[in-house]
Amino acid sequence: MLLVLRLLGPVNQLLLVIDTLQSALSSLSRMIGVVTIAFGSSDVPAQAASTAVRLDEVSFRYGEGPRVLDDITLDIPSGQRAAVVGVSGAGKTTLAGVVAGTHLPEAGTVTRSSRTAMITQEVHVFAGTLRDNLTLAAPGATDRDLHAALEATGAASVLDVLPDRLDTLLGVGGHPLTDAQAQQLALARLLLADADLVILDEATAEAGSAYAGQLDRAADAVLAGRTAVVVAHRLSQAATCDRIMVMERGRIIETGTHGELVNAGGVYSGLWTAWEAAR
């Protein structure tokens, strides 16, 4: 018994080290992925001006696993805001990754706008000043541009709590930001990137319902006048989009406007009824 008790401490410490190693491996994989995307995606054809995204019989699987996307064909016209909804595991995030170019399909073709930007629910605050965090997306941006982006996304008030305003250090060892502020920062960075096609994969999910309205307004400011694919974790987000695509088991099973799908009495109608009842 004494030996077991003596082993508990070292074993717990070992588990913490393993957790750190796994996190480091995940971070390294992302860095390699970014480098690969930067140098390996130049051959992706740009879509015609009238159509921002086209998927033709696209399928995808992770490794040797089952198909996560199965024979997806869709067109998203330029300027349209399309929402993707469905239960967990339906393939929504994978579809967003394929549209963004972070996943290469095993079959089919993808064409998209040449200037594409994506935000996932896992937003990042980089070690550096607020100015550094924003100009990552637009190195030539002036302070006026940065202020305008913060104002448009509702993050101008963040400056008031930062001791050195744009020169305040953020990230590890710097001034902490709330989840909502970090998401506003990511949206402001996306606005500065000025992409033609924007993909939001549950990009306002992590801050919780308390800031839902504020972040939805920030997202609206970013998406104004752009083509967008929105993986919606709140059906109220989907309802404001021009078109809604309902996914189930890797396929798009319903598509239409909010009103059309509610009146159709199908899967989306059931999801909307459950959403309304829970509010």
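User: What makes the space of about 40 Å³ count as a cavity?

Analyst: In this predicted model, about 40 Å³ of space lies in the largest cavity. A cavity is a set of points where a 1.4 Å probe fits but cannot get out, so the term says that this space is closed to the probe. The structure holds 2 cavities of 30 Å³ or more.

User: How do you know which residues line the largest cavity?

Analyst: A lining residue has an atom within 4 Å of a cavity point. Leu130, Leu150, Ala155, Val158, Leu177, Gln181, Gln184 and Leu185 make up the lining. Helix α6, residues 179-193, gives the most, with 3 residues.

User: Why are 2 residues of this lining classed as polar?

Analyst: Leu, Ala and Val count as nonpolar, while Gln is in neither the nonpolar nor the charged list and therefore counts as polar. The lining includes Gln181 and Gln184. By class it has 6 nonpolar, 2 polar and no charged residues.

User: Why are strands β1 and β2 called paired?

Analyst: Pairing needs at least two bridges between the strands. β1 (residues 51-61) and β2 (residues 67-77) have 7 bridges in the antiparallel sense, so they pair. Val53 stands opposite Ile76 in β2. The two strands form a hairpin with 5 residues between them, and Gly63 in the turn has a positive phi of about 60°.

User: What makes β4 a partner of β1?

Analyst: The cut-off is at least two bridges, and 5 bridges join β1 to β4 (residues 107-112), so these strands pair too. They run antiparallel, and Asp56 stands opposite Thr109 in β4.

Key:
Residues numbered from 1 in each chain as written. Predicted model: local features only at pLDDT ≥ 70, side-chain atom pairs only at ≥ 80, totals over all residues. Heavy atoms only, no water. 1 Å grid on protein atoms, 1.4 Å probe; cavity = no way out; pocket = protein on both sides within 12 Å on 5 of 7 lines; lining within 4 Å. Points joined across faces, edges and corners; volume = space filled by probe spheres on them. Helix = DSSP H or I, 4+ residues; strand = E, 2+ residues; numbered from the N terminus.
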